[in-house]
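Visitor: I am new here and would like a short tour. Please show me the chain, and then I will ask how you know what you say.

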Amino acid sequence: MEIRIGIQNVAREIAFETDMSKDDVTEKVRAAVNDGTNLELTDNKGGTVVVPAGVLGYVEIGDASARRVGFVAG
């Protein structure tokens, strides 16, 4: 699952992949925003991403897709 997090007043987003399900990520985001706590997610390499809920701009939850590499002949 690919996750992209936008943070208020920061030009770059946080992007990573996780083995968590879409429902698990959605529930963690909702809980953090509703409670005003930190959003804590684990990436697929075992690292932890911690973002204070008060600075979240958006959280995009997408399917993990194979990245295409190469050129298209035109």
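Visitor: Where does Asp19 lie?

Guide: Asp19 is in the loop between strand 2 and helix 1. Helices (H or I, at least four residues) and strands (E, at least two) are DSSP runs, numbered from the N terminus. A word on the source: this is a predicted model, where local features need pLDDT of at least 70, side-chain atom pairs count only at pLDDT 80 or more, and totals for chains, interfaces and linings use all residues. Residues are numbered from 1 along each chain as its sequence is written, and side-chain values use heavy atoms, with hydrogens and water left out.

Visitor: Why is Asp19 called exposed?

Guide: Buried means under 20% relative accessible area, exposed over 50%, and partly exposed in between (1.4 Å probe, protein chains only). Asp19 has 67% relative accessibility, so it counts as exposed. Its C-alpha atom is separated by 5.4 Å from that of Asn44, and the two residues are 25 apart along the chain.

Visitor: Is Thr18 buried or exposed?

Guide: Thr18 has a relative accessible area of 3%, so it is buried. Thr18 also lies in the loop between strand 2 (14-17) and helix 1.

Visitor: What is Thr18 in contact with, leaving aside its neighbours within four places in sequence?

Guide: Contact means heavy atoms within 4.5 Å. On that basis Thr18 is in contact with Met1, Ile3, Val25, Thr42, Asp43 and Asn44.

Visitor: Which backbone nitrogen lies 3.2 Å from a polar atom of the Thr18 side chain?

Guide: That of Met20. A polar contact is a pair of N or O atoms within 3.5 Å; within protein, one must be able to donate a hydrogen and the other to accept it, and residues adjacent in sequence count only if both atoms are side-chain atoms.

Visitor: What pattern does the chain follow?

Guide: Along the sequence it reads β-β-α-β-β-β. That comes to one helix and five strands. Of the 74 residues, 22% are buried.

Visitor: Which residues touch the most other members of the largest nonpolar core?

Guide: A nonpolar core is a set of buried Ala, Val, Leu, Ile, Met, Phe, Trp, Tyr and Cys residues joined through side-chain atoms within 4.5 Å. This one has 14 residues, and Ile3, Ile5, Phe16, Val25, Leu39 and Leu41 touch the most other members. Strand 1 (2-7), helix 1 (22-35), strand 3 (38-42) and strand 4 (48-52) each give two or more residues to this core. The largest share, three residues, comes from helix 1.

Visitor: Why would such residues gather?

Guide: In soluble globular proteins, nonpolar side chains tend to be buried together.

Visitor: Which residues of helix 1 are buried?

Guide: Val25, Val29 and Ala32. Down the axis of helix 1, the buried residues fall within an arc of 70 degrees, so they line one face. The arc is that of the directions from the helix axis to the C-beta atoms. These buried residues pack against strand 1, strand 3 and strand 5 (56-62). The face turned away from the buried side carries the exposed residues Asp23, Arg30, Asn34 and Asp35.

Visitor: How do the side chains along strand 3 point?

Guide: They alternate. Leu39 and Leu41 point to one face and are buried, while Asn38, Glu40 and Thr42 point to the other and are not. In a regular strand the side chains alternate between the two faces of the sheet.

Visitor: What makes strand 3 and strand 4 a pair?

Guide: Two strands pair if DSSP finds at least two bridges between them. Five bridges join strand 3 to strand 4, and they run antiparallel. One bridge partner of this pair is Thr48, set against Thr42. The two strands form a hairpin with five residues between them, and Gly46 in the turn has a positive phi of about 95 degrees.

Visitor: How many bridges join strand 1 to strand 2?

Guide: Four, and these strands run antiparallel. Ile3 has Phe16 in strand 2 as its bridge partner. Strand 1 is also joined to strand 5, by six bridges, again antiparallel.

Visitor: Why is Asn9 called exposed?

Guide: Asn9 stands at 83% relative accessibility, so it counts as exposed. Asn9 is found in the loop between strand 1 and strand 2. Although not a glycine, Asn9 has a positive phi of about 65 degrees.
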